[in-house]
Amino acid sequence: MPDGPHAPRRVDIVLDIICAHSYIGYTRFSRAVQRFRESGGQAEVHFHPFQLDPDATDRGEPLLRALERKFGSGVFQETARVAAHAVHDGIVLDYENAVHTGTFEAHRHIALAAGQGLAEQMTERFFRAYFTDGVNIADPETLERLARETGVRTGDAPDGADEVRAGLERVRRSGVRSVPVFSFAGGPVLSGAQPEETYLSALAGAAG
């Protein structure tokens, strides 16, 4: 990567599509990086997979049922709080209709999209599909439709499964236990959903 004040800012993001805090944090980051680019800055965004629930099946089940089983009945109050909070970021978290499922295939499609320069768009589309549209993001037909909507070509692309497995293992070895995590090359490592201005400051201040 070239040095100097105009060098691209590399940002490495660890997230999972079924994580509401990842969605909120990524939405704020996306707005910050758009502002950064519009001001003449360059940013290279790299995604790394994380699975909050690696045992979730691809068949899908109601999200609230899965959360109640894992965290107890208090989850209803917590999800309502998070959903109300997300409204301020223009995000609809429809917990009542969301379909809980595994995210390996979503991460695989993000990796495929990265090879075509569309990882940022694919990631946003998966978040919206999961939390707002209430669809099963592990269903093959749904995955293909979402990829097509985003402009990602899947037919001739490499499978990418081994790449995702390797990425999951690297993230595990790095010690990440919760997401999202935003690492700015030459700058800070930010955990959790931070304010938009915090991401913008990290972009503007990180070394190339």
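These legends go with several views of a predicted model of one protein chain.

**View 1. The whole chain, from end to end.**
Start with the parts list: the protein chain has eight helices and six strands. Reading from the N terminus, the elements go β-α-β-β-α-α-β-α-α-α-α-β-β-α. The radius of gyration is 17 Å, close to the 17 Å that the globule rule gives for 208 residues, so the chain is as compact as a globular protein of that length. If you boxed up the C-alpha atoms along the principal axes, you would need roughly 50 × 40 × 35 Å.

**View 2. Inside, outside and charge.**
Of the 208 residues in the protein chain, 47% count as buried. On the outside, about 10,400 Å² is exposed, and carbon and sulfur atoms supply 49% of that. Contacts also reach a long way along the sequence: among those with a separation of 6 or more, 75% join residues 24 or more positions apart. As for charge, there are 22 positive and 29 negative side chains, and the centres of the two sets sit 3 Å apart.

**View 3. The largest nonpolar core and its neighbour.**
Which residues touch the most other members of the largest nonpolar core? They are Phe29, Leu93 and Tyr95, out of 51 residues in that core. Helix H1 (residues 20-38) gives the largest share, eight residues. Apart from this core lies another one, with seven residues, including Val14, Phe50, Val176 and Val181.

**View 4. Zooming in on phenylalanine 29.**
Setting aside neighbours within four places in sequence, who does phenylalanine 29 meet? Its contacts are Val11, Ile13, Val45, Phe182, Phe184, Tyr199 and Leu203. For a sense of distance, look over to alanine 84, 55 residues away along the chain: the two C-alpha atoms are separated by 19 Å. Alanine 84 has its place in helix H3 (residues 75-86). With a relative accessible area of 44%, alanine 84 is partly exposed.

**View 5. Tyrosine 199 in helix H8.**
Helix H8 (residues 196-205) is where you will find tyrosine 199. Is tyrosine 199 buried or exposed? Tyrosine 199 is buried, with a relative accessible area of 0%. Not counting residues up to four places away in sequence, tyrosine 199 touches Gly25, Arg28, Phe29, Ala32, Phe182, Phe184, Leu190, Gly192, Ala193 and Gln194. Phenylalanine 182, one of these partners, is 17 residues away along the chain, and the C-alpha atoms of the pair are separated by 8.7 Å.

**View 6. Tyrosine 26 in helix H1.**
Tyrosine 26 belongs to helix H1. Its relative accessible area is 2%, so tyrosine 26 is buried, given that the cut-off for buried is under 20%. Leaving out neighbours within four places in sequence, tyrosine 26 is in contact with Ile13, Leu15, Phe47, Glu120, Thr123, Glu124, Phe127 and Phe182. Glycine 90 is 64 residues from tyrosine 26 in sequence, and 12 Å away in space, C-alpha to C-alpha.

**View 7. A cis peptide bond at proline 180.**
Most peptide bonds are trans. The one from valine 179 to proline 180 is cis, with omega near 10 degrees. Proline 180 is in the loop between helix H7 (161-174) and strand E5 (181-184).

How values were computed. Residues numbered from 1 in each chain as written. Predicted model: local features only at pLDDT ≥ 70, side-chain atom pairs only at ≥ 80, totals over all residues. Heavy atoms only, no water. Helix = DSSP H or I, 4+ residues; strand = E, 2+ residues; numbered from the N terminus. Rg over C-alpha atoms; globule rule 2.2 N^0.38 Å. Buried < 20%, exposed > 50% of the residue type's maximum accessible area, 1.4 Å probe, protein only. Contact = heavy atoms within 4.5 Å. Areas by Shrake-Rupley, 256 points an atom, 1.4 Å probe, with all protein chains shown as cover. Lys, Arg positive; Asp, Glu negative; His and termini not counted. Charge placed at Lys NZ, Arg CZ, Asp CG, Glu CD. Core = buried A, V, L, I, M, F, W, Y, C linked by side-chain atoms within 4.5 Å.
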